[in-house]
Amino acid sequence: MNTPQLVVHRDKELMAQAAAARLITKIVDAQASRGSASVVLTGGRNGNGLLAALAAAPARDAVDWGRLDLWWGDERFLPEGDPERNVTQAREALLDSVPLAPERVHAMPASDGPYGSDAEAAAEAYATELAKAAGPEDHGSVPAFDVLVLGVGPDTHVASLFPELPAVRETERTVVGVHGAPKPPPTRISLTLPAIRSAREVWLLAAGEDKAEAVAIALSGAGEVQAPAAGAHGRSRTLWLLDTAAASQLPRSLYPPASP
Ligand SMILES: O=C(O)[C@H](O)[C@@H](O)[C@H](O)[C@H](O)COP(=O)(O)O
């Protein structure tokens with residue numbers, strides 16, 4: 001398991017802008033070397049902040065949007081078009097303003113879609129879609145995501161994997177239904193830790209004082225069932241993108257040298 005790398009930025013706006021610049025470069029490099037790129041998005045303020053920064057980035061259209069696959073790490077299990085759905089917010093922040101290939105935008109099913117209110121069936125369908133997209137060289141039954149982006153909750157949850165709930169304990173399936181989530185809405189769909197860990201790079205975004213304790217817990221050796229963010233590692237890189245407020249409770253030994 002690779003050691004998490006930390007980058008701390010002055011504030012959440014700069015963190016989002018720097019993360020957006022970093023993501024553009026990552027996508028451009030992947031497209032230059034493999035002809036396409038694959039990114040997993042997340043919801044929440046920091047996840048959407050990154051997308052908004054991407055939409056406003058001067059180098060935005062260095063990305064060949066038609067050769068980018070977008071997946072989601074989790075979704076609130078609500079009707080299509082519900083303003084609380086992560087994909088709805090992603091469309092508003094970025095997706096509706098760039099020329100993506102519609103068939104390469106892999107939204108998770110809505111609660112009024114083909115699987116109705118059955119979150120487990122919807123999760124299974126998404127797992128099947130991931131498996132179909134996986135190549136022979138990929139790890140298990142999900143494609144080799146170039147970057148999988150996660151926000152971090154104040155309770156250390158990532159995606160919709162909440163401390164001590166069944167989903168964070170899943171070791172076989174790649175996508176599961178989540179019920180009773182402490183962060184509304186209660187019913188969700190989420191990638192599991194094994195699916196998250198199949199990504200080449202996992203980037204965790206955390207900004208604000210309210211994340212400082214979660215960041216310190218997750219980076220100080222806590223177990224992944226008690227602190228799901230602690231189990232979010234990429235195969236070749238695990239990158240924590242923080243602002244100074246979210247890094248404020250880190251032991252100095254963990255604080256990256258380049259930060260103020
Ligand atoms: O559905 C969601 O809400 C997200 O996928 C969730 O995992 C989010 O990323 C974290 O809760 C952090 O959210 P904030 O960035 O808003 O603190």
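Helices H1 and H2 are a good place to start: their axes come within 8 Å and cross at roughly 65°. The crossing of these two helices is right-handed. Keep in mind as you look around that this is a predicted model. From this pair of helices we can move to the sheet, then to a second helix pair, and finally to some single residues worth finding.

**Where H1 and H2 meet**

- On the H1 side, the residues that meet H2 are Lys12, Ala16, Gln17, Ala19, Ala20, Leu23 and Ile24.
- On the H2 side, their partners are Gly49, Leu50, Ala53 and Leu54.
- H1 covers residues 12–34 and lies across the strands E1, E2, E3, E5, E8 and E9.
- Relative to E9, H1 runs at about 155°. An angle over 145 degrees counts as roughly antiparallel, so H1 and E9 point in roughly antiparallel directions.

**The sheet**

- Strands of a sheet pair through backbone hydrogen bonds, either parallel or antiparallel.
- Here, 6 strands make an open sheet with parallel pairing, and their order is E1-E9-E8-E5-E2-E3.
- The edges are E1 (5–9) and E3, each of which pairs on one side only.
- From one strand to the next, the twist averages 20°.
- At the E1 edge, 5 bridges connect E1 with E9 (residues 237–243), and this pairing is parallel.
- To find this pairing in the structure, look for His9, whose bridge partner in E9 is Asp243.

**The E3 edge and its crossover**

- How many bridges join E2 to E3? There are 5, and the two strands run parallel.
- One bridge to look for links Val39 with its partner in E3, Leu70.
- Between these strands, the chain leaves E2 (residues 37–41), passes through H2 (residues 44–56) and arrives at E3, making a right-handed β-α-β crossover.
- Although E3 is an edge strand, E3 is mostly covered, with 4 of its 5 residues buried.
- In a regular strand the side chains alternate between the two faces of the sheet.

**H2 and its other partner, H3**

- Two packed helices are described by the angle between their axes and the distance between the axes.
- H2 also packs with H3 (residues 86–93), at an angle of about 25° and with the axes 8 Å apart.
- That angle makes the two helices roughly parallel, because angles under 35 degrees count that way.
- H2 passes H3 in a right-handed crossing.
- Asn48, Leu51, Ala52 and Ala55 are the H2 residues that meet H3, where the partners are Gln89, Ala90 and Ala93.

**Backbone features in the loops**

- Which peptide bond is cis, with omega near -5°? The bond from Pro184 to Pro185 is, and Pro185 sits in the loop between E6 (175–178) and E7 (188–191).
- Thr156 has phi near 75°, which is positive even though the residue is not glycine.
- Ala159 also has a positive phi, near 50°, and is likewise not glycine.
- Thr156 is in the loop between E5 and H5 (166–169), and Ala159 is in the loop between E5 and H5 as well.
- Are these residues buried or exposed? Thr156 is buried, with 27 other C-beta atoms within 10 Å; Ala159 counts as buried too, with 32 C-beta neighbours inside 10 Å.

**Two residues to visit**

- Asp146 is in the loop between H4 and E5.
- Asp146 counts as buried because it has 23 C-beta neighbours inside 10 Å, and 20 or more is the cut-off.
- Beyond its neighbours within four places in sequence, Asp146 is in contact with Lys26, Ala30, Ala37, Ser38, Val39, Arg200 and Glu201.
- Val39 therefore appears twice in this picture: Val39 is a contact of Asp146 and the bridge partner of Leu70.
- Asp146 and Val202 are 56 residues apart along the chain, and their C-alpha atoms are separated by 8.6 Å.
- Glu129 is part of H4 (residues 119–133).
- Is Glu129 buried or partly exposed? With 16 C-beta neighbours inside 10 Å, Glu129 counts as partly exposed.
- Glu129 and Ala90 are 39 residues apart along the chain, with 20 Å between their C-alpha atoms.

Notes:
Residues numbered from 1 in each chain as written. Predicted model: local features only at pLDDT ≥ 70, side-chain atom pairs only at ≥ 80, totals over all residues. Buried ≥ 20, exposed ≤ 12 C-beta atoms within 10 Å, placed from the backbone. Right-handed = clockwise from strand over helix to strand, strands pointing away. Axes fitted to C-alpha atoms, helices over the stretch in contact; angles between N-to-C directions. Parallel < 35°, antiparallel > 145°, perpendicular 65-115°, else oblique. Left-handed = near helix turned anticlockwise from the far one by under 90°. Contact = placed C-beta atoms within 7 Å.
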